[in-house]
Amino acid sequence: MPRAGLNAQVVVREAARLVDEVGYHRLTLAALANRLGVALPSLYKHIKGVEALTQQLSALATAEIADEMTTAAAGRSGEDALRSVAAAYRSYARRHPGRYPATQRVPDPADPAHLAAGERAVGVVYAILRGYGIHGDAAVDGVRMFRAAVHGFVALEAAGGFGLPRELDRSFDQMIAALGVAFSSWPESRAPGPA
């Protein structure tokens, strides 16, 4: 008998909770069906397969992190915004260790909600960079630098990849301060932006 109230949204939300417990790369439809208390074929009424599930999980996680980054940036600018958004990003990764890897997936062009979530997340960083006078192609480079630095830190932190005896929060703060210095002295930062 199908579980009452089961739909695609419930399936994806439960998958999100499951990956936070077991890890993103350990998600299987069988484990999810077991968790939902349904037979595996019942899931196919709500989700087309594991690829569709991971895409929808990515859309959900991307929307969540975009919301947190947007909230963190509200009313802030410059290094204050940079620090707040980076901290929100790191906090999300720590609280959702299984969902966070799903945010690294390129948004599916066939999913408008996923595209919009990705644009919101990137848009927050673009707005910070505009505050530093960075526009156009230089802003693309700046967004990539922000993402590479912050993602690299949180991925290494999650994997236990920092072994030196120094407080991680201090190292993270220093990295964000260095990003602020880099953005303040960006080679193309004096180029006029689009009107």
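1. Is Leu53 buried or exposed? Leu53 counts as buried because its relative accessible area is 0%, and buried means under 20%. Keep in mind while you look around that this is a predicted model. Leu53 belongs to helix H4. Setting aside residues up to four places away in sequence, Leu53 touches Val11, Val12, Ala15, Leu27, Leu29, Leu32 and Ile47. If you want a distance to check on screen, try Leu53 and Thr28: they are 25 residues apart along the chain, and their C-alpha atoms are separated by 9.5 Å.

2. Now zoom out to the whole chain. What do you find when you count helices and strands? The protein chain has 8 helices and 0 strands, so going along the sequence you read α-α-α-α-α-α-α-α, as the definition of these elements takes them in order from the N terminus. The C-alpha trace spans about 65 × 45 × 25 Å along its principal axes.

3. Next, some whole-chain numbers. The chain has 195 residues, and 43% of them count as buried. Take the contacts with a separation of 6 or more: 68% of those are between residues 24 or more positions apart. As for the surface, the chain exposes about 10400 Å², with carbon and sulfur atoms supplying 57% of that area.

4. On to the labels from the record. UniProt, in an unreviewed entry, puts "domain: HTH tetR-type" on residues 5-65. That stretch is 70% helix and 0% strand in the model, and its end C-alpha atoms are 27 Å apart. The unreviewed UniProt entry also gives a "DNA-binding region" at residues 28-47. Over residues 28-47 the chain is 60% helix and 0% strand, with 12 Å between the end C-alpha atoms.

5. Have a look at Tyr44 too. You'll find Tyr44 in the loop between helix H3 (40-43) and H4. Is Tyr44 buried, partly exposed or exposed? Tyr44 is partly exposed, because its relative accessible area of 45% falls between the 20% limit for buried and the 50% limit for exposed. Apart from neighbours within four places in sequence, Tyr44 is in contact with Leu29 and Gly49. Tyr44 and Leu29 are 15 residues apart in sequence, and their C-alpha atoms are 9.3 Å apart in space.

6. His114 is worth a click as well. This residue is in helix H6. His114 has 0% relative accessibility, and that's why it counts as buried. What does His114 touch, not counting residues up to four places away in sequence? Its contacts are Gln55, Ser58, Ala59, Thr62, Arg105, Val106, Pro107 and Asp108.

7. Go further along the chain to Phe172, in helix H8 (residues 168-184). With 4% relative accessibility, Phe172 counts as buried, because the cut-off for buried is under 20%. Leaving aside neighbours within four places in sequence, Phe172 is in contact with Ala86, Ala87, Arg90, Val150 and Phe153. Phe172 and Tyr24 are 148 residues apart in sequence, and 24 Å separates them from C-alpha to C-alpha.

8. Time for the pockets. How much space lies in the largest pocket? About 500 Å³. It has 22 lining residues, and Thr103, Gly118, Ala121, Val122 and Arg147 lie nearest its centre. Helices H4 (50-73), H6 (112-131) and H7 (136-158) each supply at least two residues of this lining. Which helix gives the most? That would be H6, with 7 residues. Sorted by class, the lining of the largest pocket has 14 nonpolar, 4 polar and 4 charged residues.

9. The second largest pocket holds about 170 Å³ of space. Its lining is made up of Ala93, Arg94, Pro97, Tyr100, Pro101, Gln104, His151, Val154, Ala155, Glu157 and Ala158. Helix H5 (78-95) and H7 each give at least two of the lining residues, and the largest share, 5 residues, comes from H7. By class, this lining has 7 nonpolar, 2 polar and 2 charged residues.

10. One last thing to trace on screen: follow H7 from pocket to pocket. H7 supplies at least two residues to the lining of the largest pocket, and 5 residues to the lining of the second largest pocket.

Note on methods. Residues numbered from 1 in each chain as written. Predicted model: local features only at pLDDT ≥ 70, side-chain atom pairs only at ≥ 80, totals over all residues. Heavy atoms only, no water. UniProt positions renumbered as here; feature names shortened; annotations may be inferred. Helix = DSSP H or I, 4+ residues; strand = E, 2+ residues; numbered from the N terminus. 1 Å grid on protein atoms, 1.4 Å probe; cavity = no way out; pocket = protein on both sides within 12 Å on 5 of 7 lines; lining within 4 Å. Points joined across faces, edges and corners; volume = space filled by probe spheres on them. Nonpolar A, V, L, I, M, F, W, Y, C, P; charged D, E, K, R; others polar. Buried < 20%, exposed > 50% of the residue type's maximum accessible area, 1.4 Å probe, protein only. Contact = heavy atoms within 4.5 Å. Areas by Shrake-Rupley, 256 points an atom, 1.4 Å probe, with all protein chains shown as cover.
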